[in-house]
Structures are given as C-alpha cells and as structure tokens.
Number of protein chains: 2
Amino acid sequence: MHQEQRQQAHAYLQAKGVERALFANPYTVKWLTGFAPPVQVGFNFFAGGPPLVWYEAGHFTLLVVDAYAADTAAFDEQVDGAVITHLGYTIEQPLAGADHLTRALRQVIGGGSGRVGLEQRDVPVYFQSVVHDALGAADFVAVDGWLEPLRLVKTAEELAKLRENFALTDVGHAAVRYSSIAGKREIDVWAEIHSAIQQAAGRRVPLGNDCVVSYRENNIGGWPLDYEIRPGDSLIVDLSTILYGYWSDSCATYYAGEPTPQQAAMHRTALQALELGISLVRPGAVAREIDQALRQFIAAAGYPVYPHHSGHGIGVIGHEAPRIVPYNDEVLQAGMVIMLEPGIYLPGQAAVRVEDALLVTADGAEVLTKHDKSLP
Amino acid sequence: MHQEQRQQAHAYLQAKGVERALFANPYTVKWLTGFAPPVQVGFNFFAGGPPLVWYEAGHFTLLVVDAYAADTAAFDEQVDGAVITHLGYTIEQPLAGADHLTRALRQVIGGGSGRVGLEQRDVPVYFQSVVHDALGAADFVAVDGWLEPLRLVKTAEELAKLRENFALTDVGHAAVRYSSIAGKREIDVWAEIHSAIQQAAGRRVPLGNDCVVSYRENNIGGWPLDYEIRPGDSLIVDLSTILYGYWSDSCATYYAGEPTPQQAAMHRTALQALELGISLVRPGAVAREIDQALRQFIAAAGYPVYPHHSGHGIGVIGHEAPRIVPYNDEVLQAGMVIMLEPGIYLPGQAAVRVEDALLVTADGAEVLTKHDKSLP
C-alpha cells in the first residue's frame, strides 16, 4: 500500500540530504502509508500521541497504537515500510500510551549523524526530545510541507480510492434528489443523506460539509441545523465523504417544489459556469485563468460574484493544491484531481451552487462525480 | 463559560510557581474554555495549528481560527479570559494559518522571566519556538496532565452539559429498542440510531462506540459493519455522543426476536451486576473494590469475567479518571460522574453488556442514563 508514495518521498528526501526524519502531520502520514485513523469522534484516547512515521535508511516505519493493528496490516507487508504498534488500552496498569509510543520510537531510531527532518508544526515537543535523546544530539531541519508537491498528481491506487469515494457522494445526492424536502429541516435531510451513504458503504463514513436553506443569512455554507425548508425554498447540499482517508466533494442545489423563475435562471447560469470551467480543464491550464473565466461568466450574467474559491485540489485533504483562486499561477497537470464549484448567492434570499470533481487527463478532463445537478 | 475551571487552574498554577503556560491538549483546552471544535471530519484545514490557550498574569487567552469565532463568543465575555481569532480561509492569498496563529500568539505573550509551562506532548515544536523567541529565552516546564485532577469533580455547568448529552443517548437507545432488528445489518441499525439522535438534537452530533452482533468473533465491541442480524442473534449497542465537547456513554443489548433461555439468563446476570455496582457507588468507595465486586459477581454466576474495565470516569474525554479497574486505589468523591458497564461474552456465540452513567451524590448515586436496559 502506497509504496509509490514512499519511493517518491525517499528520492526527494535523499536529494535534499535528509537521511532521517520524523513525520506527524496527519496528511503526510496518510499519504506515506495509506493508513488513516478514524476521525468521527476525535482521536484515540489511549494512543499517547499521533500516528508517527520514522524515516531512516530509505525505510519508513509507522508507529501507531495497537487499536489500529488490523488497519495497518496491508502496510506492514511492504518491503520499504514496517509497522510497530504500541500498547494503548489496558486494565492491568495505568494508561501510558505516550510511554509505550516513546519506547517504540526509540527502538526504531538507529545511530548516525547528519540532519534530521522534522515536521515541526505537527511533532509534539516531547517526541522531538525523544529523537534528540536517542541520537545524543541532532541537527533538526523543518520539513513541513516538503512532500505536498508530490501529492499533486494522484497514483492509480489513489484514483481507485477517490472513485469509490465519489460514488458515495453520488449516493448521498440521490437520497435528496429523489425525496421531497418541503417541510423537512436541514438536519432531517442531512440524516437521510448520511444514512444512505453509510448503508451503501456498509460502514461508518465521516460526512461534511454544508446543508443550508436559502433564507439563511449566510446561505453559502454551514452545518445543517433545525431550519425548516418551506415551499419555495432551495437547499444547497455540499457533501464530502472520507474513505480510506481520502476526501470526496460534490455540491448540488435542490428545491422545495417547482423552482421559481429566478431560481431556475440562477441554476442555469451556475450550471453553464460549471460547464465552462470543465471545458477549460486540461494540462497546461493556469489555475487563476480558470478562476477568472468563471467569475467573469457569473458577472456577465448580472449576478454578484461568489466570495469563495472557484475550486481546489483534493486528496488526503478536502481542500489542497492546486487552488482555483485569483492569485494562483499553478499549472494543471494530467493526474491532478480538482473540484470546480461556481455559485450565486443573494444573502438571505436565494442561493445555488453546483460542483463536480475532475480528473485532469492527457487532453481534457474526466468528470468523477456522477450526481444529477440538473434543474428539476 | 467555564470561569470556575479557569479559577481553579489559576490557583493551581500559581501554587506551582508557573506564571505563564501554553496549553494545546484538546481536552485541556475544552475544559479551560468550554470551546470544542467540531471533530466529525477531523480538524480545520485552514487553522494552521491546534486551538491554543496562553496563560499569563492570571488570564487565559484562547487562540483559534476565525471559522470558530461564533462558537467562542461566550468565552470572550468572561473577565478572566479572551479570544483571539486568526485568519484561516481566504482566497486573497496563499493559505498561511500557522503564520497568522503565530502572529496572534506573539501578540498575547507579555514579557517577564520565570518558568513557562508547556503541554509538551501536545504543543508542536514550532509553537514552542514561537514562545521561546518571544520571551528571548524561556525555562520550560512540562505541565502535561497537571489539570487532569481538577476535572474529576464536575461543575454545575458541566453537569448540565452532561445531562443534556445523556438524554441524547437515551434517544438513540429508544430508536433500537422500539424497532425490529432481525434482518437488518449492524450499519442499518446504527444509521437509524444516528438519525434519531441528530434529529432530536437539531444538529450534527458525533457518535461512537460499538454496534456488534453476537456471532462476531470479537463480540465485545467494534464499529458497525455489514454483518446481518439473524433471528436469535443479540446486538450490543454502546453509544457515546459528544455535545459541547462533553462525552456521554451508555450500553444496552437487544435481541432479534425472543431472547433464548441462555440469553435471558446472561442478560439478567449482567443487570444484577450493574445494580450491585450502582449500590456500591458513594463518596469514599474505592474504585478497585467496585471493580472487584462486579467481577466476582459475574464469576460466581458461572460466567467468564469480562476482559475490560468495570467502568470509568467521563467528561471532556469519554474514558478518564477514575478508572474502575483492578489496580486503581482512587476514592470516589461527590460530583464525579462515572460509567459502570459489566458484560458477559462467549466469543462468537453470545454477548451482553449493560451500562449506566452515575453521578456520585452526597450519599450514593444518581443514575443519569434513562434508557431501558431490561430484558424484553
């Protein structure tokens, strides 16, 4: 699992002269190992520290609490990686996950000198000192963000995870589209969506992002609450599921009854903006030019321009490079996966947003989201 | 919000000669401020670091990304605390949450010398260096776990949060109890429970812990999967919701059809063990003695003794002191909230567990969970 990622990371670190490193950023750990701890109720009480990855002599070792032993079995089989699990929960002695994790980390740290990479924005002070003590002394170098550019182009393994995940958000959208939302509250619709997704997946699936009725003052986004959806209202439903640690994303707008002429006109414009955006996606396209084209299209149609991004990359994080925003000169490459999500918002009155996921292909884009976003 | 907690913490830190400190442990931050970031899909991408609390001159400042500004308004009003929010999401410039958080932290750090407390198992290396640089030099002292004993006895404010939260797990249990589970999968039952809870709360609510059918080899606990519940099977449903950052907990066992004589006998024994446990809870009771009494009761009834704790404290963490386990000499005090959860497990065959939450009162215990755990 994720051997290709570790090979890339090894080559990069070698080129930078870093022979040993400690990683603790959750996105780095996911990307390097394919292991993603569950997040639904926060992190494991008994772990004593975040999942860590120690890199040395071209090998990556994942250090993780024993509760996740089964989830890391696939990583354990890889030739360039290993897993060490440490004791978390026990009734035999006071909980001491951090001490057990420390012992595991000391066990895997070899000798030698030279620079030690450190994700200093994520590694707790305590675990830096464990490394320092194990090596006698260490010349630490911050490696935060170093591996992020390697994440831009997805591997075949990552694309398979993403496709499976986007299919889950399709399920979620179908649950709203083919039900009647008038008279329900945002949270009722959300509960139906979440149930449909989890039942399709056969397991628990974390779900973000927005479920907001049009009359909310901020009708761009927000968590579902007990606002009632009245006849004539619209509802923005923006869904991200997390599967194998990878994020999906997708948005559509639904109506309580027949859309009004204003709603229909706004919806058609948003769909046309999205189609325009999709037509511009190809290797060599510049992020800010796509962003600008979408904003100009919305403005030319006589609507206020949305205050958010036109889109963003996606992977181990739900919003990452390349950002499709006004300042960004990044150039699209084949193998990137990006979201596009134009919207039109009249605060407190009317709102629409539609969003698709796009795989940048050799000569254009493949749409990964299959949900029906059309005007009903 | 949580002014009483900050007063206690201030008195404790003063007594220990610590005039300044940086806290980053999520449970410490919740307890000190009453602020709990949402956890359902992991932490905020744009924050640039965890929510931090800086303590100086008797004042506590919460440093948190602007996305949570509305959620921290109540804390902001308190005389001994303040909130500084920093820029997270923007389309105007590259994301730089950590830089903005750094600026906020530097702004609130005063001068002076003396020891600086640091939660070294949670504070990232980077933010320690920010403190170090701001002070010129600093003598850091690890304060990990220092405030945990202060969390044992709940304040009136915390009890109100816990009561509201335990009512949510009652709703979840009612959703299983009054439906038919035969032919459903674990995940189907779970989805119904979660929907009922979120619809009752009118908002999203994180939900743990277990939903496992009796024929699973490990039928003690685990996340719901697509195992089908067949006629004659039992189902352990152990629910924790998180509300205002505080955890609930509760367990019951349900049957697909009439319980068999074996299931009924096991269920009655587990209920009696729980009743015995409740009768022992009072100020002055010793944790390990309650644990031992429950284990002996199960053994005397001729069943294998459960391999887990007999119970645990609960609050900002779902499992905290006082642990009701064999080694623990801790003595119960009025105002503590503990769980008791005896079970009987025949791996792969039959399993039962029942669990209640108990507030230790002046002369006994008040049961905070109201769900029906009786034999149907």
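# A walk through a two-chain model

Let's start in one small spot: leaving aside residues up to four places away in sequence, A256(B) touches I181(B), A182(B), I229(B), R230(B), P231(B), G232(B) and D233(B). Keep in mind that this is a predicted model. Where along the chain is A256(B) found? Look in the loop between β10 (251-255) and α8 (261-280) of chain B. Is A256(B) buried or exposed? Count its neighbours: 20 other C-beta atoms lie within 10 Å of A256(B). The cut-off for being buried is 20 or more, so A256(B) is buried. For a sense of scale, pick out R295(B) as well: A256(B) and R295(B) are 39 residues apart in sequence, and from C-alpha to C-alpha they are 28 Å apart in space.

Staying in chain B, move to helix α2, which covers residues 26-33. This helix is mostly covered, with 8 of its 8 residues buried. Read along it and you meet P26(B), Y27(B), T28(B), V29(B), K30(B), W31(B), L32(B) and T33(B), buried one after another. What comes just after α2(B)? There you find G34(B), which takes a positive phi of about 80°.

Now zoom out to the pair of chains. In general, two copies of a chain are related by a rotation about an axis and a shift along it. Here, a turn of 180° with a shift of 0.0 Å along the axis lays chain A on chain B with an RMSD of 0.0 Å. That is the relation of a two-fold axis. The same surface serves both copies, too: of the contact residues of chain A, 100% recur in chain B.

How many residues are in contact between the chains? There are 44 from chain A and 44 from chain B. On the side of chain A that touches chain B, α5 (125-135), α7 (186-201) and β8 (234-243) each supply at least two residues. It is α7(A) that gives the most to this side, with 7 residues. Sorted by class, the side of chain A that touches chain B has 21 nonpolar, 17 polar and 6 charged residues.

So what does α7(A) pack against over there? Its partner is α7(B), also residues 186-201, and the two helices pack at an angle of about 165° with their axes 9 Å apart. Angles over 145 degrees count as roughly antiparallel, which makes α7(A) roughly antiparallel to α7(B). The crossing of α7(A) past α7(B) is right-handed. On the chain A side, the residues are I187(A), D188(A), A191(A), H194(A), S195(A), Q198(A) and Q199(A), and they meet I187(B), D188(B), A191(B), H194(B), S195(B), Q198(B) and Q199(B). The residues of this contact divide into 4 nonpolar, 8 polar and 2 charged. As background for reading such lists, an α-helix has 3.6 residues a turn, so residues three or four places apart point the same way.

Finally, look at how α7(A) packs within its own chain. Helix α6(A), residues 156-177, packs with α7(A) at an angle of about 140°, with their axes 8 Å apart. These two helices are therefore oblique to each other, and α6(A) passes α7(A) in a right-handed crossing. From α6(A), the contact uses L168(A), V171(A), G172(A), A175(A) and V176(A). From α7(A), it uses V189(A), E192(A), I193(A), A196(A), I197(A), A200(A) and A201(A). By class, the contact of α6(A) with α7(A) has 10 nonpolar, 1 polar and 1 charged residues.

Notes:
Residues numbered from 1 in each chain as written. Chains lettered and ligands numbered in written order. Predicted model: local features only at pLDDT ≥ 70, side-chain atom pairs only at ≥ 80, totals over all residues. Least-squares fit on C-alpha atoms with pLDDT ≥ 70 in both. Contact = placed C-beta atoms within 7 Å. Buried ≥ 20, exposed ≤ 12 C-beta atoms within 10 Å, placed from the backbone. Helix = DSSP H or I, 4+ residues; strand = E, 2+ residues; numbered from the N terminus. Nonpolar A, V, L, I, M, F, W, Y, C, P; charged D, E, K, R; others polar. Axes fitted to C-alpha atoms, helices over the stretch in contact; angles between N-to-C directions. Parallel < 35°, antiparallel > 145°, perpendicular 65-115°, else oblique. Left-handed = near helix turned anticlockwise from the far one by under 90°.
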